[in-house]
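Colleague: Could you walk me through this model over coffee? I would like to know how each description is reached.

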Amino acid sequence: MSHQHQHGTVSGRNILVTIVLNLGISLLQLIGGLISGSMALLSDAAHNFSDVLSLIISYWAIRLGKREQTLKQTYGFKRAGIFAALINTSILLVIAIILIWQAVIRLINPQPVEGMIVIVLAGAGILLNGVSILFIRTDAEKDINIRSAALHLFADMLTSIAVLAGGIVIKLFGWTWIDSLLTIIIACYLLYSSWGIFYEAVRIFMQFTPSHIDIEAIAISIRKIDGVKNVHHVHVWQLDENDLMLEAHLDLNEDLRISQFEIILDKVENVLYGYGIYHFNIQPELFRKDQKELIT
């Protein structure tokens, strides 16, 4: 039995606007980083360009997710957003490791940095990333795919703030090593912030039981329903961030008509709704000889 539960839709137009904004700042920071010699500014440019890739992937996932189901794709492309989130966070993790490596090299072999160029372009990065976040803030609340893209943008804004502070320090005191130190701090933050979404996307792909779902508690509640002898072969997984799925075998106390079983099914449905599970398949059994463990 399945019940359709509608979730908010995501706007692709806002994603397109943020793509244009971030492509512009990426080019400016790349040129500025090469002229100024700032590793932090170049890393910010690389991170901004990763934002562009992230947003393009997210936009592609949104378009795929809106396609209708077919006989060959009975769920449509609902997992496209999870796939996009996995790609986006993987890119962030790789970028963070590369930044740490490059920053350590710069600490060992310091290079001159032009502070004023760093200050101006870092300021521009803060402004444009802030505007981009405002464009997709609402969509990020209801979609892990957009949330991973928003994380890119937020991390980039923090990066630009750190780069701006570094540029001011370099301009005032000439401490070029601060550029590499800030790069390492930013990269460590990227590792920390990306891991959560990466792990969540992997859990969904591997069809692990969602972390907030207690299968034993669900089974206890179902066993309390009149007419139910046991529940076993229970599996709970996520199709995407919003849709939870369940299958289970239900042992009955007696042979029932379909109309009588549907009364029990309505009660099971109410239990599952309480856990946010709106898509499920229940197999009724009577004297069937199979494994009766909760998880089989």
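Colleague: In what order do the elements of the protein run from the N terminus on?

Modeller: Happy to help! This is a predicted model, and its elements run α-α-α-α-α-α-α-β-β-α-β. That order holds 8 helices and 3 strands.

Colleague: What makes the protein more spread out than a compact globule?

Modeller: The globule rule gives 19 Å for 296 residues, whereas the radius of gyration is 26 Å; that is well over the rule, so the protein is more spread out than a compact globule. Along the principal axes, the C-alpha trace spans about 85 × 35 × 30 Å.

Colleague: Why is α3 called roughly antiparallel to α6?

Modeller: The axes of α3 (residues 80–108) and α6 (residues 177–205) cross at roughly 155°. Angles over 145 degrees count as roughly antiparallel, and therefore α3 is roughly antiparallel to α6. Their axes come within 7 Å, and the crossing is left-handed.

Colleague: What kinds of residues make up the contact of α3 with α6?

Modeller: The contact divides into 26 nonpolar, 5 polar and 2 charged residues.

Colleague: How do you know how confident the predictor is in the protein, and where does pLDDT stay under 50?

Modeller: On a scale from 0 to 100, the mean pLDDT is 82, and 95% of the residues reach 70 or more. Over residues 2–8, though, pLDDT stays under 50. The model does have 13 contacts beyond four places in sequence for residues 2–8. Where pLDDT is low, the predicted coordinates should not be read in detail.

Definitions and conventions
Residues are numbered from 1 along each chain as its sequence is written. This is a predicted model: local features need pLDDT of at least 70, side-chain atom pairs count only at pLDDT 80 or more; totals for chains, interfaces and linings use all residues. Side-chain values use heavy atoms; hydrogens and water are left out. Axes are lines fitted to C-alpha atoms, for helices over the stretch in contact, and angles run from 0 to 180 degrees between N-to-C directions. Helices (H or I, at least four residues) and strands (E, at least two) are DSSP runs, numbered from the N terminus. Angles under 35 degrees count as roughly parallel, over 145 as roughly antiparallel, 65 to 115 as roughly perpendicular and the rest as oblique. A crossing is left-handed if the near helix is turned anticlockwise from the far one by less than a right angle, and right-handed if clockwise. Ala, Val, Leu, Ile, Met, Phe, Trp, Tyr, Cys and Pro count as nonpolar, Asp, Glu, Lys and Arg as charged, and the others, Gly among them, as polar. Contact means heavy atoms within 4.5 Å. The radius of gyration is taken over C-alpha atoms; the globule rule is 2.2 Å times the number of residues to the power 0.38.
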